[in-house]
Each structure stands twice: as structure tokens, then as C-alpha cells.
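Colleague: Before I rely on any of the labels attached to this protein, I would like to hear the reasoning behind them. Could you take me through them one at a time, setting each value against its cut-off?

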Amino acid sequence: MGVVKKRIVTITLLLGLLSACGNEGGSNGVGQLPAGTRNDGNCPAPPSSPVELTPVENVEFYADRFNFQIRDIQQEDKILRFQASNYDFVYCDGTWSVHRGTYQAPPPKTWEEQQAELEDPTYQSFEVNGQLYYYRAYLDPSPLANPNQLSQRVIFEIVPPGQDEPIVTTLYTVQQLRSANLGAELSDPREIHGIVYRDRPLWVVSAYKGEGFSGIATFVTYDPQQETVILSQPPEIAGQVITDLKVGPDDTLWMTTQLSGEGNPFYPGMGLVSYQPPANSLQGGQVQSFHLRNSPLVGAIPTRLQMDGNTLWVGTGNGICQVNTQQVQTATGWTCWRFALMVDDNNRTIALHSHSQSETPSVEMTLNDPLEVLWWVPRSDSTSDPGRYEVRYEPGFEATLPEGRRFWGFDPEDFPPDYLYPLYWSGSEWHWNGDRFIRGFDAVALNFFGGGPPAIRQDPDNYDFPPDLRAVRGDLTILDIQEETMTIRHHSAWVDEEQLSPYLTLLPVQRVENPQGDPLLP
């Protein structure tokens, strides 16, 4: 009976990963723009008024208002359209405009449809040189077909052109997963992206993670002359979820990566990754990672790519980058814009609070310049009631945290991967930009089961709802650090939402002049 109960939990968790962490679509090629967006070859006209932030009543979870992850990139001539769930960011002739979204997400699947897809996945098609390949990946045995046995392997099937029977290949087993210390049980291999690479089909297969379920990122190619399937599992990216794949003119593979976990369908991974296999092989080669801590990448989680010659466009949940792949190692090879919520309202005085549940304003401010809105939290148990916006504010407010430097491991030399901050503190999801600790929209983990998005709290031990927060995205500076305490300044304040009507725009990312070293690192 215990085995059956465990099996039910296993199936539930797998289906939970399916529904919470799914790929919402994308394009392996170049899409077409919606009708009516062009006028005799000119750039699309911007909307007559700025596009305001999606109301909280129109989203399932209040933090979804700030989900600007790019779901697809469409290009037609000089027009690039970066599609998020609720917004389109259009680039044309060096100018950005923001429009209401046109992205059409696949219809949600019922519980029964998810179960059927897990047990017997539908074949997908992929065209290479005018010929269709059919493919699918699945767990064997199916977690639904055999209630007394956990899945033992991940299978990839290819039906080459002109053939009726699939070529069945084991990508990896549960023992290989455990030996690599990547997880305890196999997760559904649902992230599959295909491209034409060296005149052959190339797929990359990966799986979302959570509750001990995981996978091994695997490249799969098919040699039609030898009629053989070739696998490659670069160890550097084995534990990543790969959400998009493109190839450059020099055969470099470019990928967007992320992680996931319990209550966090989106969590930063290695960022933008390049993989340059040797000629005529997928074994070995050089893997490089570009993320917030080692590059100008504007967002913590890149989601979609568009390749145009040596120019790589990178869509993230915090902004968009244009990258010269021949100069990717230098700052001059990157041009990035960040998403920003702004309020234009001059000569009006607003009350500012030092924390989100404060009853008494701390200071007043007259709006003489555009004001940037950073986040929103509810003020009651119901998100339909008025809440407060976090806004950028100088000089900010001081706060003392009951924590000093804490390393991830017991040994200060026991650092996590370089894309994660090596110290564990309330501001670990911020990153040092050479002047301050800053945090983008997509660096805010949802943390569904752990008290909501991590933040600087008024009371670090209070995880009640609604939260009482000092800062979610406000810049942080360190004023003093002791063994058990840290004094910071958060350069943000909180404003009653009825006082503001923020609109969405893009701002160029300014490089920090004379950057300083991270004050928290030894």
C-alpha cells in the first residue's frame, strides 16, 4: 500500500511540474507579424497613450503583473517584436515602442489531457532540408501505466523521413541521474527544441526540476547517412533547463537556461550559454556562460533568442539585449535595455512609507521628475483590495538586519556555481553592479510555498500574509557589517496604489563608471 501511495504522490508532482513549469511556446524560426502592424514598410505606430501595468484582478497571482518574460520573438525585415504574455516590445529603426500583447499562448490542457500526454506523448514534426522528422521524448515506464514502478529511463524516439518505425534511444537512466547528483527521480523531459545544425536535425532535451525530480540536458542528432543517433551531454549544462536554442554563423550553439524548484517555476540558472562543439562532432567543445555576475546581461533569466547574422537578440524577464557575438566577451559587444514602470506627474506631492504595511507616512515627496515603480504588494488578505507600490526613492531608508556574512557551505571556500551569489543573506537575489546591489523583475523568485517572494522584511522572522516588506526591488547599499548584524540602506519607499498609474517602457542600461568591488565578499 505504501508503494501505491508513493506512486500517487509521484504522478501528482510530475503533473504539477507539467502545469506550472511548461514551455508556453516559442519559435524555432522566424515568425510573421500580425496583420495591420505595418504601413507601407514603415515602423509600427506607437499606441496613442502609454500601455499601463496589467491590473491585479487580471492575473492569477499578484506577482504575475511583473512577469515580462519573452515568450516569442518575431522578425519581419527591420521590425522585431518581442512578445511577453501581456505586452509586445517592438524595435524598429533603433526605437522601442510598447504595445498591448498579441502573443497567443497554447490553450491550457485539462488534467486528463496532461495525464494522457505524460503516458503517450504526441509526436512532433520538424523539417530539415524539405524533409519531415517526427520525434518525441517520454519516461519509461510511464508513471501512469505502471503504478508499482518508478520511471527508470528517458526515451527519445525519431522517425526519419521515409520510415514508419521509430528509432528508440535511451537518453539517460535514473541511476545516471543519481550518480551525477542531479536528482533522485526522473522528471518529464518536456523541454525539446530543434534546429538544423550542420545539415542535420539537432534537438536539445531537458526537464524541469522540483521535489527531487530532475533530468540531464542532452543533445540529440541524427546522421542520415549512417542512420545513427548521436548523443552529447556536456557536463557544464547537465543540470540546466534549456528553454531556447539557436545557431550562429560559426556553428556556435546559443541557449537560454534557467532552473526551477519547489514553488519556483522560474529560477536563475547559467543565463545565456554558448556551446562550440568541435568540427564534425558534438563531443567535447567549449561551454561559456554569460549571466548577471559576469556579463552585461540585463536579466537573470533569458527565455528567447533571435539570431540575425552575428547579432544575437536575447529576451529576458527584465529587458532585452542586442549582442555582437564576435565581441561577446567585451562590454562594448552588448547593448541592453531594461523594462521600467514609470509615472509622469509633475508638481504633485505624495506620501512615502518606509515599509509596505506602515500606518504612518515617513516623508512626503513632490514629483518633479518621472518616478519609477518597482513592485506591488497587497495590504490585506485579499489582493483585490488596494495595495502599495514600491518606488525608487533617494536617499532611501536605513534598516538593520540580524545577519552577517553567511556562506552557502561550512567552508568559506565552498562556493556555489559562479552564477549564484556565494553569500546567503536577505539580499542574495540582488546582484552587485559595481555601485549598488540591484534586482531585476526576473530575479524575484515567486516562492509559492515559502512566504512569497524573498525580500528585505520589516521583521525578518514574520512571514505572515500580507507581507510587511522594506524592499523587493529597491537598490541596496551596505552601510555597516558586523559578525551578527548588517546595516543597509534601501533606496525605495512605498506609496498607496491609488496615487499612481504606472506605464511600461524600456530604458537603456547605463554602465557604471569606476565600478567598485562587492563590499560583502572577502
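Modeller: Gladly, with the reminder that this is a predicted model. A good place to begin is with the aromatic rings, since the structure holds 31 aromatic pairs.

Colleague: What makes the pair of Phe68 and Phe339 edge-to-face?

Modeller: The ring centres of Phe68 and Phe339 are 5.8 Å apart, and a pair requires centres within 6.5 Å, so the two rings count as a pair. Their planes stand at 75°, and angles over 60 degrees count as edge-to-face, so that is the name this pair receives.

Colleague: Why do you say that the pair ties together parts of the chain?

Modeller: Phe68 belongs to the loop between helix 1 (2-20) and strand 1 (72-76), whereas Phe339 belongs to strand 22 (residues 334-343), so the pair joins parts that are 271 residues apart in sequence. Phe68 and Phe339 are both buried, and ring pairs link them with Phe66, Tyr87, Phe89, Trp375 and Phe441 into a cluster.

Colleague: How do you know which charged end sits over the ring of Phe441?

Modeller: It is the charged end of Arg473, at 3.8 Å from the ring centre, where the distance has to be within 6 Å. The charged end of Arg65 likewise sits over the ring of Trp376, 5.4 Å from its centre.

Colleague: What makes Cys43 and Cys92 a disulfide?

Modeller: Their sulfur atoms lie 1.9 Å apart, and the rule asks for a pair within 2.5 Å, so Cys43 and Cys92 count as a disulfide. With -75° about the S-S bond, this link is left-handed. Cys43 is found in the loop between helix 1 and strand 1 and Cys92 in strand 3 (residues 87-92), so the bond ties together parts 49 residues apart in sequence.

Colleague: Is Cys43 buried, exposed or partly exposed, and what value decides it?

Modeller: Cys43 has a relative accessibility of 27%, and values between 20% and 50% are called partly exposed, so that is its class. Cys92, by contrast, has 4%, which is under 20%, so Cys92 counts as buried.

Colleague: Why is the disulfide of Cys321 and Cys336 called right-handed?

Modeller: The torsion about its S-S bond is about 110°, so the disulfide is right-handed. The sulfur atoms of Cys321 and Cys336 are 2.0 Å apart, and both residues are buried. Cys321 lies in strand 21 (residues 319-324) and Cys336 in strand 22, so the bond connects parts 15 residues apart in sequence. The count comes to two disulfides, and with the bonded cysteines numbered in sequence order the pairing is 1-2, 3-4.

Colleague: Which residues and elements line the second largest pocket?

Modeller: That pocket has a volume of about 1100 Å³, and of its 41 lining residues the closest to the centre are Asn433, Ile438, Val509, Gln510 and Val512. Two or more residues come from each of strand 18 (286-290), strand 22, strand 27 (431-432) and strand 33 (503-508), with strand 22 giving the largest share, six residues. By class, the lining has 19 nonpolar, twelve polar and ten charged residues.

Colleague: What makes Ser289 buried?

Modeller: Its relative accessible area is 15%, which is under 20%, so Ser289 counts as buried. Ser289 is placed in strand 18, and its C-alpha atom is separated by 6.5 Å from that of Gly271, 18 residues apart along the chain.

Key:
Residues are numbered from 1 along each chain as its sequence is written. This is a predicted model: local features need pLDDT of at least 70, side-chain atom pairs count only at pLDDT 80 or more; totals for chains, interfaces and linings use all residues. Side-chain values use heavy atoms; hydrogens and water are left out. Rings of Phe, Tyr and Trp (its six-membered ring) pair if their centres lie within 6.5 Å; planes under 30 degrees apart count as stacked, over 60 as edge-to-face and the rest as tilted. Helices (H or I, at least four residues) and strands (E, at least two) are DSSP runs, numbered from the N terminus. Buried means under 20% relative accessible area, exposed over 50%, partly exposed in between (1.4 Å probe, protein chains only). A charge sits over a ring if NZ of Lys or CZ of Arg is within 6 Å of the ring centre and within 35 degrees of the ring normal. On a 1 Å grid over the protein atoms alone, a cavity is a set of points where a 1.4 Å probe fits but cannot get out, and a pocket is an open set with protein on both sides within 12 Å along at least five of seven lines; lining residues have an atom within 4 Å of a point. Grid points are joined across faces, edges and corners, and a volume is the space filled by probe spheres set on the points. Ala, Val, Leu, Ile, Met, Phe, Trp, Tyr, Cys and Pro count as nonpolar, Asp, Glu, Lys and Arg as charged, and the others, Gly among them, as polar.
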